[in-house]
Amino acid sequence: MKTSLAALTLCLLVLMVTAFPFERKGASPGRTQYAAQDDFNIIAHGLLQLGQNLKEHVDKTKGQMRDIFTKLKAFNRSMAELGKESQRQQAEGETLKTRAVGMENREGQLINVTSELREKVEEIQQERRTMSERMSRLEERVDSMLQGHMSPGARNSSDGHSIQLMLETQNRRIDDLVERIRLQQEKLDKQNMRIRTLQGQIKQPGKRPSPRSGSNADGAEEQRDSPLEMATDCHELFLRGETTSGIYTIRPTDSEPFNVFCEMAPDGGWTVIQRRQDGSVDFNQLWQAYEKGFGSLNGEFWLGLENIHAIAKDGSYILCVKFSDWSDDMASVCFALQLSGRETNYTLLVKGVGPDDRLQSSLTTDSATGLPFSTQDRDNDWKAENCAKYLSGGWWFSNCGRSNLNGRYFQSPPPKQRHQRKQGIFWKTWRGRYYPLKSSTMMIAPAAINKS
């Protein structure tokens with residue numbers, strides 16, 4: 001670069017010298033002598049060559065600068081990635097700290113639960129000892145009376161009546177104590193289950209079952225391993241510490257595992273068996289579909305008669321139905337239910353319904369045999385006509401007009417024709433058979449949920 005600049009300077013000096021006129025010796029005065037044309041052409045050619053060399057040098061320098069900028073950008077990206085990796089490592093460190101604190105809290109919770117159980121056991125034992133002492137004293141008094149240790153004036157009818165009252169009072173106390181012991185035993189069982197859950201979580205904190213999404217009613221996904229035996233329903237999951245509503249895998253007694261949607265409420269876990277909310281699923285299905293289940297657990301679905309019976313077959317379950325109208329008013333009704341199996345066409349028997357339970361009357365009957373389930377291709381209702389075909393979907397039809405939560409879904413406003421509105425989702429004792437409801441949810445839970 002320095003050589004090129006020096007050559008350029010020299011050429012410019014020559015040009016300046018040759019460009020100006022000068023006088024030659026021996027030339028006549030007053031006549032100017034200019035440089036020759038060839039000399040000028042040589043100088044011009046040199047300048048062009050110098051300019052070309054300078055251009056090539058500049059282009060080369062630009063290429064080198066681009067390479068340097070490219071390397072700087074790569075370096076900056078590497079620094080940014082290193083920064084992100086550092087942040088990720090820091091976040092993982094915070095997560096590990098949080099898990100450590102959580103483990104300490106679980107251990108403390110386990111210790112507290114154990115101490116509470118020990119105190120309850122001691123209270124029950126003390127009550128049993130007290131009751132044994134009372135029974136012993138009562139037996140001694142009765143024996144004394146029977147053996148004639150009392151005075152003759154005391155052995156009369158009034159004394160016999162007093163003894164009978166004492167025995168009845170004592171029997172009531174015994175019954176009360178037995179009931180208290182039973183309730184305490186239920187609480188102890190729940191506490192023991194929670195203790196086992198906490199112990200499993202402390203030993204294997206990474207294997208706790210959690211809710212999942214994206215599966216359908218057929219249960220195509222596999223649930224991750226769990227340190228405990230698979231739960232039989234959603235309420236058992238609640239007793240194990242699950243409080244988040246979502247999709248879980250359960251395994252009822254003598255049944256294969258399948259997925260359910262659990263509605264976790266403050267009082268316990270409810271297994272959702274039906275949900276209607278937007279009309280995205282066609283509920284006008286045949287018997288096989290209603291038996292196996294259809295739809296998506298994340299949206300509208302029917303769990304399936306087989307699965308519902310597998311959960312509630314012991315008879316100690318409650319069915320709760322929630323529905324809403326197009327003004328977003330809500331209503332709910334609960335039943336004590338008994339659901340039979342396939343051999344009885346999944347007959348539903350609602351129990352414990354009083355004469356004033358107006359909402360409940362839409363799913364009840366005067367018969368003690370219950371209501372069989374009906375579809376278009378399996379007519380089991382009591383009417384001469386096929387209610388499932390006359391209305392829509394599958395349901396426990398006592399007749400064709402009390403209730404049907406599996407009917408056609410009509411957007412608001414409903415159809416003007418009455419015979420079309422009959423095919424909708426309705427609950428007669430709430431909004432009438434001609435008012436298609438906006439949503440409905442059916443869910444079941446053990447009857448013990450009211451005592452939790």
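Me: Before we get to the cysteines, what does "buried" mean here?

Reply: Buried means under 20% relative accessible area, while exposed means over 50%, and partly exposed is whatever falls in between. Keep in mind that we're looking at a predicted model. Now try the idea out: Cys387 and Cys400 are both buried.

Me: Okay, and what joins Cys387 to Cys400?

Reply: A disulfide, with 2.0 Å from S to S. The torsion about that S-S bond is about -90 degrees, so the link is left-handed. It connects distant parts of the chain: Cys387 sits in helix H7 (residues 387-390), Cys400 in the loop between H7 and strand E9 (403-404), and they are 13 residues apart.

Me: How many disulfides does the structure hold, and which pattern do they follow?

Reply: There are three. Count the bonded cysteines along the chain and you get the pattern 1-2, 3-4, 5-6.

Me: Let's take Cys234 and Cys262. How far apart are their sulfur atoms?

Reply: They're 1.9 Å apart, and a pair of cysteine sulfurs within 2.5 Å is what we call a disulfide, so this pair makes the cut. Cys234 belongs to helix H4 (residues 234-239) and Cys262 to strand E2 (residues 258-265), so the bond ties together parts 28 residues apart in sequence.

Me: Is that one left-handed or right-handed, and why?

Reply: Look at the torsion about the S-S bond of Cys234 and Cys262: it's about -75 degrees, so this disulfide is left-handed. As for cover, Cys234 and Cys262 are both buried.

Me: And which way does the link of Cys320 and Cys334 go?

Reply: That link is right-handed, with 100 degrees about the S-S bond. Cys320 is in strand E6 (residues 317-324) and Cys334 in strand E7 (residues 330-339), so you'll find the two 14 residues apart in distant parts of the chain. Their sulfurs are 1.9 Å from each other.

Me: Are Cys320 and Cys334 buried or partly exposed?

Reply: Use the cut-offs we started with. Cys320 has a relative accessible area of 7%, so it is buried. Cys334 comes in at 37%, so it counts as partly exposed.

Me: Can we read a helix this way too? What about the cover of helix H6?

Reply: Here's the general idea: an α-helix has 3.6 residues a turn, so residues three or four places apart point the same way. Now for our case: H6 covers residues 305-312 and is mostly covered, with six of its eight residues buried.

Me: Which residues of H6 are buried?

Reply: They are Leu305, Asn307, Ile308, Ala310, Ile311 and Ala312.

Technical notes
Residues are numbered from 1 along each chain as its sequence is written. This is a predicted model: local features need pLDDT of at least 70, side-chain atom pairs count only at pLDDT 80 or more; totals for chains, interfaces and linings use all residues. Side-chain values use heavy atoms; hydrogens and water are left out. Buried means under 20% relative accessible area, exposed over 50%, partly exposed in between (1.4 Å probe, protein chains only). Helices (H or I, at least four residues) and strands (E, at least two) are DSSP runs, numbered from the N terminus.
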